[in-house]
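Please open the model in your viewer and keep the sequence panel visible beside it. The stops below move from the whole chain to single residues.

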Amino acid sequence: MARTVAPKPRTKAVKTPPVVRAQRIELVDDAGQVRAQLAVRPDGQPGVAFQDPAGKTRVLMGTLEDGAVTVALLDRRGRRRAALGVTAEGGASLTLVDGNG
């Protein structure tokens with residue numbers, strides 16, 4: 001008795017674009033709340049920001065016009081508590097601030 005076997009359907013390869021171009025990319029949680037952003041700031045420099053569940057910015061990373069780079073950690077009130085930076089010339093800084101500023 002001959003048996004016919006249906007050929008397996010071919011799945012199309014999903015083409016992934018090699019580059020995504022945007023001025024701003026937002027990551028959102030299941031509720032649609034923005035939790036992270038990658039954007040070009042008004043001064044033309046790139047930056048990344050992370051928000052906590054309450055929507056407060058808690059981490060900032062970016063470059064400055066002179067080529068320096070910074071990472072800042074903010075408290076719930078938006079005050080900078082820790083910062084790490086490297087100047088355009090290669091000098092490094094670390095700043096820690098207590099609750100009194």
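Begin with the charged side chains of this predicted model: select the positive and the negative ones as two sets, and you will find 16 positive and 10 negative side chains, with the centres of the two sets lying 14 Å apart. If you then switch on the surface of the chain, its accessible area comes to about 8500 Å², and 58% of that belongs to carbon and sulfur atoms.

**The whole chain**

Change to a cartoon view and follow the chain along its sequence, where the pattern reads β-β-β-β-β-β-β, that is, seven strands and zero helices. The chain is more spread out than a compact globule, because its radius of gyration is 23 Å, well over the 13 Å that the globule rule gives for 101 residues. Turn the C-alpha trace along its principal axes and you will see a span of about 85 × 35 × 25 Å. Of the contacts in the chain with a separation of 6 or more, 0% are between residues 24 or more positions apart. Colouring by burial would mark 17% of the 101 residues as buried.

**Aspartate 52**

Next, select aspartate 52, which is found in the loop between β3 (46–51) and β4 (57–63). Is this aspartate 52 buried or exposed? Aspartate 52 is buried, because its relative accessible area of 12% falls under the 20% cut-off for that class. Show its side chain as sticks, and you can trace it to the backbone nitrogen of alanine 54, which it reaches at 2.9 Å. Then add Gln33, Arg35 and Arg58 to the selection, since aspartate 52 is in contact with these residues when its neighbours within four places in sequence are left aside.

**Arginine 21**

Move to arginine 21, in the segment before β1 (24–28). Arginine 21 counts as exposed, because its relative accessibility is 79% and the class begins over 50%. For a distance to draw on screen, join the C-alpha atoms of arginine 21 and threonine 57: the two residues are 36 apart in sequence and 24 Å apart in space.

**Threonine 87**

Finish at threonine 87, which lies in the loop between β6 (80–86) and β7 (92–96). With a relative accessibility of 37%, threonine 87 counts as partly exposed. Which distance separates the C-alpha atoms of threonine 87 and alanine 68? Draw the line between them and it should read 4.3 Å, although the two residues are 19 apart along the chain.

Methods. Residues numbered from 1 in each chain as written. Predicted model: local features only at pLDDT ≥ 70, side-chain atom pairs only at ≥ 80, totals over all residues. Heavy atoms only, no water. Helix = DSSP H or I, 4+ residues; strand = E, 2+ residues; numbered from the N terminus. Rg over C-alpha atoms; globule rule 2.2 N^0.38 Å. Buried < 20%, exposed > 50% of the residue type's maximum accessible area, 1.4 Å probe, protein only. Contact = heavy atoms within 4.5 Å. Areas by Shrake-Rupley, 256 points an atom, 1.4 Å probe, with all protein chains shown as cover. Lys, Arg positive; Asp, Glu negative; His and termini not counted. Charge placed at Lys NZ, Arg CZ, Asp CG, Glu CD. Polar contact = N/O pair within 3.5 Å; in protein donor to acceptor, adjacent residues only side chain to side chain.
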